[in-house]
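Visitor: Before we begin, I should like each label applied here to be justified against its criterion. Could you take me through the reasoning step by step?

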Amino acid sequence: MADLSVNLAGIKMKNPVMSASGTFGSGSEYASLFDISKMGALVTKGLTLRPRAGNKPPRICETPAGLLNAVGLQNPGVEAFISDVLPEMLGFGVPVIANIAGSTTDEFVEMARQLSGTGIVGLEINISCPNVKTGGMALGTVPEVAAQVVEAVVKETDLPVIVKLTPNVTNIVELARAVAGAGADALSLINTLVGMVIDVEQRKPVLGNVVGGLSGPAIRPVGVWAVWQVAQAVDIPIVGMGGICTGQDALEFILAGASAVAVGSAFFNNPMAAVRIITELDEYCTKHGVDKLQDLVGAAWKE
Amino acid sequence: MNGPGEFICRVSAQVSLASDSYLLKLEAPTLAWTTSPGQFAMLQCGEGLDPFLRRPLSIHQVERKRGVVYFLYQVRGQGTRWLAKRSKGDMIPLLGPLGRGFTVNPAGGKGLLVGAGMGVAPLLLLASELANQQWEVVTLMGAQTASGILRPDAFMDYGEVRTATDDGSSGMKGTILDLLNKELDDSSYDMIFACGPLPVLKGVQSISIDQGIPAELSLEERMACGVGACLGCTCGGADGEYLRVCQEGPVFKAGEVDIDG
């Protein structure tokens, strides 16, 4: 067994495989299918300061090798999450990272405050959700604005701050540099790509929200490229994501410069995807004589 | 542990029925024993990543002693087209049983099953379970034409079957809601169980409320995870909050959902 462990900005994980926000519920939904404690870390559904009903259905639409979603951050609000959902998640004995999606800087700061001391080991700052009208991606496309949010959260909390970036920008490297400069401890790359599908019989958009976020294997090369560029430009660790379904997919991200990876849409194709990925990463290391998986981070561009 | 399982199931038979519909028989002993009427499974309908999502299909019938499960489905797109090409010996991964099914009160009663088109899919297992619990069962089936009335003979094992078609080629000429209204004029029932397109379910819902007969409605929605994690398959709840069709449903009490039919 190779050493798959990773220390992601102070978050100690036995392997680099995390759940991607919004795809894994509280984990208990999958608990009858596999041993959740095998995962490296769990990331919560995007949380907001107050409860959010989410978008009008239909919220999902399959696309070639992927899907569009416009769930719209449906969640019970951070307070109810802490009392009703978090205990269950902590029960798996795996580090839990909270994904927070404020619509203003103040909301991010308030959620960071409420989540400290709850057992959460890190915050993932969601300034990249394409499915909400305020906050979300609007805060994550202008480097100065993104940096301002991150700076405020970092000042408030002692927890590691991971910033999840959107690929729907002209220059993701510039954005990454800005948030790294503002004190981010790590980055998550990438959130979904904006897109839409039209029902030609109805002559109307399929999604109730018209536009949604594209995820799944269809976007994987976009994610790998984002990680490749950003990893060479900043000194903080990266969580790579975007359609990872297999160990090989995860290795692409790791070789591009990701220290950890997140699995999201893959759970819908194969609910056992995370287990498969962990097993295949170990097999790859064994086959290639790699003692420590972290030695491969960025190996595709490092001398 | 309670909860769904992931099974790779062997196809033991597949029969093509009318109207692009198929009856798929799978070897799935655990599923056969653990499922209850109205629940569903997510079937992987392809070998690679396209189509990417599994297809939610209602469990149509089970033979517990033989360890087999039947799915009745219609070809609607890429996934079901692939599924329709499977034959004896092929393997299909599936996740199940999933969701909340119909309520079968062990006290017995008189139940009216309403299946519009492919909506009959979850009702056969329900009919058999109701019959097991000493319920008197009458099934109403509706379709555009006689060829869309699926498996009436199977339903006759558990009680009377009446049909309605738009063109009158089977049973009453009219809609299933016309047939339902007529049936309720003629007889009284303790409970209505319905599955079909949203306009039909909306009609059943208002009849249920108007006449004070409890009803349970099985909804269909696009799904991704099937287990309640992704919040992709929601429908409107009566209190304004969204409900997950895969988790709080697919079977809802008539008063629980706001059907935008």
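**The interface and its labels**

Guide: In this predicted model, chain B and chain A bury about 2700 Å² between them, with 62% of that area on carbon and sulfur atoms. On the chain B side, Phe52(B), Arg222(B) and Tyr242(B) lose the most area to chain A, together 27% of what that side buries. The contact takes 31 residues from chain B and 38 residues from chain A.

Visitor: What makes the pair Glu62(A) and Arg55(B) a salt bridge?

Guide: A salt bridge requires a side-chain nitrogen of Lys or Arg within 4 Å of a carboxyl oxygen of Asp or Glu. The N to O distance between Arg55(B) and Glu62(A) is 2.7 Å, so the pair meets the criterion. Across the interface of chain B and chain A, the rule finds one salt bridge.

Visitor: Why is the pair Glu47(B) and Arg86(B) called a salt bridge, and which parts of the chain does the pair link?

Guide: The closest N and O atoms of Glu47(B) and Arg86(B) are 3.8 Å apart; the limit is 4 Å, so the pair is accepted. The pair links distant parts of the chain, 39 residues apart: Glu47(B) lies in the loop between strands E3 and E4 of chain B, and Arg86(B) in the loop between helix H2 and strand E7 of chain B.

Visitor: How do you know whether Glu47(B) is buried or exposed, and likewise Arg86(B)?

Guide: Buried means under 20% relative accessible area, and exposed means over 50%. Glu47(B) stands at 70%, so the residue counts as exposed. Arg86(B) stands at 14%, so the residue counts as buried.

Visitor: Why is Ser218(B), in strand E13 of chain B, assigned to its accessibility class?

Guide: The relative accessibility of Ser218(B) is 3%, which is under 20%, and therefore Ser218(B) is buried. Among the residues that Ser218(B) touches are Phe102(B), Pro122(B), Leu201(B) and Val251(B).

Visitor: What makes the buried residues of helix H5 of chain B line one face?

Guide: The buried residues are Ile176(B), Leu179(B), Leu180(B), Glu183(B) and Leu184(B). Seen down the axis of H5(B), they fall within an arc of 130°, so they line one face of the helix. On the other side, Asp185(B) and Asp186(B) are exposed. What covers the buried residues includes strand E8, strand E9 and helix H6 of chain B.

Visitor: Why is Val210(A) called partly exposed?

Guide: Val210(A) has a relative accessible area of 39%; partly exposed lies between 20% and 50%, so the label applies. Val210(A) is one of the residues that make a nonpolar surface patch of about 390 Å².

Key: Residues are numbered from 1 along each chain as its sequence is written. Chains are lettered from A and ligands numbered from 1 in the order in which they are written. This is a predicted model: local features need pLDDT of at least 70, side-chain atom pairs count only at pLDDT 80 or more; totals for chains, interfaces and linings use all residues. Side-chain values use heavy atoms; hydrogens and water are left out. Buried means under 20% relative accessible area, exposed over 50%, partly exposed in between (1.4 Å probe, protein chains only). Helices (H or I, at least four residues) and strands (E, at least two) are DSSP runs, numbered from the N terminus. The arc is that of the directions from the helix axis to the C-beta atoms. Contact means heavy atoms within 4.5 Å. Patches are made of residues with over 30% relative accessible area and no salt bridge: like charges are joined within 9 Å, nonpolar side chains (Val, Leu, Ile, Met, Phe, Trp, Tyr) within 5 Å. Accessible areas come from the Shrake-Rupley method with a 1.4 Å probe; for residues, only the protein chains shown count as cover. Buried area is the accessible area (1.4 Å probe) that two parts lose on being put together, summed over both. Lists of a residue's contacts leave out its neighbours within four places in sequence.
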